[in-house]
Every structure is written in C-alpha cells, then in structure tokens.
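Please open the model in your viewer and keep the selection tool handy. We will walk through it one stop at a time.

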Amino acid sequence: MEPTSGAAVSEQTFTPGTSSRALVELRHVDKHFGPLHVLRDVSLTVDRGEVVVVIGPSGGGKSTLCRAINRLEVIDSGEIAIDGRPLPAEGRELARLRADVGMVFQSFNLFAHKTVLQNVTLGQIKVRRKGRKAAEERARGLLDRVGVGTQADKYPAQLSGGQQQRVAIARALAMDPKIMLFDEPTSALDPEMINEVLEVMRQLARDGMTMVVVTHEMGFARSAANHVVFMADGRIVEETTPDEFFTAPRTDRARDFLSKIL
Ligand code: ADP
Ligand code: MG
C-alpha cells in the first residue's frame with residue numbers, strides 16, 4: 001500500500017517486524033449485558049503484523065470482543081490498549097481511535113446515498129483532514145487494489161454483495177488503520193462471492209496488516225491465521241496455532257464445535 005503524506009501510521013502498519021510491541025492488548029476484560037456475562041476475564045495480545053482468527057459458536061462473545069476494541073461497547077472492567085495507549089473515552093481522541101481501528105461488519109454498512117468513491121473519501125476528509133484531491137486519489141488506488149476500481153461512480157445498491165464488501169474494506173483502509181477488525185465479513189454473501197472477499201483479506205495479511213478476523217471460514221483460518229482464538233460462553237477457551245487447533249484441539253468444547261462445522 002502507498003504511504004500517504006504524513007501517514008507515519010500506515011508506514012508502520014505495513015512494515016511488520018520493526019517493533020515487537022503488541023498492537024492490541026486486552027487484560028482481564030469483563031462485560032455484561034444486564035444479567036448476561038458476555039466477556040469473562042478475556043486477555044488477548046495481538047502483535048504487529050499478526051493475523052488472529054476468532055472462531056466459536058454463536059453467542060460466544062466474538063462480536064462484543066471486536067466492538068470493545070474500538071469502544072463501540074464499553075467494558076465493565078479490565079483494560080484495553082491500542083499501540084500501548086488505553087482506549088480514549090470520548091471526543092476527538094475516540095474518533096481518532098476509531099479511525100486507527102478499521103472495522104468491517106457482516107452487513108456492509110456503506111452509505112447508501114453516496115457513491116462508492118464518496119464512501120471511500122468521506123472519512124479521509126472529515127477525520128483525517130485530507131484535501132479532496134488527495135482523498136480521491138487514495139480512494140481510487142484502494143478501489144483498484146480491491147478490484148472495484150471501475151465501480152467508483154456507482155451507488156452501493158448497484159454493486160454485488162462481494163463488491164460492496166470490498167468497498168467497505170477499501171473505506172476502512174483509507175483511514176490508514178493500525179489494525180483491521182473483520183466481524184464475519186463473508187457471512188452475508190452468496191457463496192460465489194465469498195472467495196473474492198477472502199482473497200482481498202489474504203492479500204492484506206500478506207502485506208503485513210495486523211488483523212483480527214471473526215469467521216466461520218475454516219480454510220481462511222488455516223491458511224492466513226498466525227493464531228486461532230476459540231471463544232465460547234464469553235471466554236477464550238483455546239488460543240493456539242491453526243495447525244494445532246485443527247488437528248489436535250485440547251478441549252471438549254473445541255472438539256465438539258469442530259465436529260459440527262468440519
Ligand atoms: P457472537 O458474535 O459470538 O455470536 P455476541 O458478542 O454477538 O456473540 O453476543 C454475545 C452475547 O451477548 C449473546 O448472548 C448476545 O445475545 C448478547 N448480546 C450482544 N449484544 C447485546 C446487546 N446490545 N444487548 C444485550 N445482549 C447482547
Ligand atoms: Mg457475532
């Protein structure tokens with residue numbers, strides 16, 4: 001990816017191995033929704049350039065974990081730090097955090113009344129304070145990179161699901177995030193579109209982007225993950241290499257889960 005003017009952040013993100021520091025750290029995180037205990041003493045470290053795939057049964061807390069990392073959910077106790085700094089509570093600092101932590105959801109969440117190009121320039125101009133020309137140049141580069149360069153002037157509804165999701169990825173990348181979170185990015189897609197999105201994610205991983213990916217795509221987990229985190233009932237039940245997880249899961253919970261999906 002092209003580093004943009006003044007974007008030390010993106011240069012850092014795309015030169016993995018320059019620092020051993022953790023990019024994301026969760027320590028003893030707890031979260032309730034009313035009586036429901038959805039994150040239970042969750043501790044997790046994501047190092048720079050690492051791809052962590054989070055898998056597990058529905059309702060296990062995977063989405064809440066992702067949302068906690070960019071403070072879309074506020075945790076009850078514990079600590080979360082991005083790049084060594086605790087999550088800001090509000091204001092401009094929080095907006096900057098959200099820009100640093102790119103997020104791609106299951107539903108594409110594009111602005112329906114804006115063109116593809118506008119979707120990818122808006123945040124650059126409003127949050128990153130870039131000029132329109134620079135923002136558009138960057139947007140076109142990213143849209144090319146995810147394979148939808150020719151769709152720039154269309155509206156989201158005119159695109160396929162796979163194309164929309166790739167635009168959503170480009171939009172997040174346009175903010176020069178330090179890390180990308182993907183929460184089941186292919187779950188809403190028709191089967192024939194899943195691979196085009198996974199391929200963009202694989203390329204991103206190869207380029208050194210730090211990523212947390214919640215997915216049921218076990219092929220992706222096996223091939224792209226440095227670590228697999230298995231979450232159930234609000235806890236991290238296993239954290240290991242994909243090889244070990246898929247060939248020799250240590251817990252009954254994981255074995256049971258794998259037997260149902262593989
Ligand atoms: P997963 O992504 O692994 O399916 P979630 O993090 O979405 O799990 O949900 C964990 C639990 O928290 C589930 O029982 C879910 O119903 C509950 N939950 C999620 N969001 C809310 C909310 N905003 N209010 C109340 N309960 C919620
Ligand atoms: Mg979820």
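Before the first stop, one definition: two strands count as paired when DSSP finds at least two bridges between them. Keep in mind, too, that you are looking at a predicted model.

**Stop 1: a hairpin**

Select strand 1, residues 22-33, together with strand 2. These two pair in the antiparallel sense, over eight bridges. For one example of a bridge, click on Val29: its partner in strand 2 is Val42. Now follow the chain from one strand to the other. Strand 1 and strand 2 form a hairpin, with two residues between them. Gly34 sits in the turn, and its phi is positive, about 55°.

**Stop 2: the sheet around the hairpin**

Next, add the other strands of this sheet. In which order do the four strands lie? The order is 2-1-4-5, and the sheet is open, with antiparallel pairing. Strand 2 and strand 5 (85-86) stand at the edges; each has a single partner strand, so one side of each is left without a neighbour in the sheet.

Then select strand 4, residues 77-82. Strand 4 pairs with strand 1 in the antiparallel sense over five bridges. Val24 is a good place to look, since its bridge partner in strand 4 is Ile82.

**Stop 3: the surroundings of ligand 1**

Now select ligand 1 and show the residues around it: Phe33, Leu36, Val38, Ser58, Gly59, Gly60, Gly61, Lys62, Ser63 and Thr64. Two elements give two or more residues to this shell, namely strand 2 (36-47) and helix 2 (62-69). Which element gives the most? Helix 2 does, with three residues. Try colouring the shell by residue type: three of its residues are nonpolar, six are polar and one is charged.

**Stop 4: helix 2**

Stay with helix 2 and select it by itself. Is helix 2 largely enclosed or largely open? Seven of its eight residues are buried, so helix 2 is largely enclosed by the rest of the structure. The buried ones are Lys62, Ser63, Thr64, Leu65, Cys66, Ala68 and Ile69. Follow the chain onwards and you reach Arg71, which comes after helix 2 and has a positive phi, near 60°.

**Stop 5: the nonpolar core**

A general idea helps here: in soluble globular proteins, nonpolar side chains tend to be buried together. In this model, the largest nonpolar core has 74 residues, and Val54 and Met211 have the most contacts inside it. Helix 7, residues 191-206, provides the largest share of this core, seven residues.

Click on Met211 and display what surrounds it. Leaving out residues up to four places away in sequence, Met211 touches Val51, Ile179, Met180, Phe182, Leu204 and Ala205.

**Stop 6: Ile236**

Select strand 10, residues 235-240, where you will find Ile236. Is Ile236 buried or exposed? Ile236 has 21 C-beta neighbours inside 10 Å, so it counts as buried. Its contacts, apart from neighbours within four places in sequence, are Val42, Leu44, Val229 and Met231. Try the distance tool as well: the C-alpha atoms of Ile236 and Asp41 are separated by 8.5 Å, although these residues are 195 places apart along the chain.

**Stop 7: two unusual backbone angles**

Most residues other than glycine have a negative phi, and most peptide bonds are trans. With that in mind, select Asn109, which is not a glycine yet has a positive phi of about 60°. Asn109 lies in the loop between strand 6 (101-104) and helix 4 (116-126). It is partly exposed, with 15 other C-beta atoms within 10 Å.

Move on to Arg129, which also has a positive phi of about 60° without being a glycine. You will find Arg129 in the loop between helix 4 and helix 5. With 9 C-beta neighbours inside 10 Å, Arg129 counts as exposed.

**Stop 8: Gly141 and the wider view**

Select helix 5, residues 132-145, and pick out Gly141. This glycine is partly exposed, with 17 other C-beta atoms within 10 Å. Gly141 and Ala170 are 29 residues apart in sequence, and their C-alpha atoms are 9.2 Å apart in space.

Finally, zoom out and select residues 24-258, which an unreviewed UniProt entry lists as "domain: ABC transporter". This span is 39% helix and 26% strand, and its end C-alpha atoms lie 27 Å apart.

How values were computed: Residues numbered from 1 in each chain as written. Chains lettered and ligands numbered in written order. Predicted model: local features only at pLDDT ≥ 70, side-chain atom pairs only at ≥ 80, totals over all residues. Near = placed C-beta within 6 Å. Nonpolar A, V, L, I, M, F, W, Y, C, P; charged D, E, K, R; others polar. UniProt positions renumbered as here; feature names shortened; annotations may be inferred. Core = buried A, V, L, I, M, F, W, Y, C linked by C-beta atoms within 7 Å. Buried ≥ 20, exposed ≤ 12 C-beta atoms within 10 Å, placed from the backbone. Contact = placed C-beta atoms within 7 Å.
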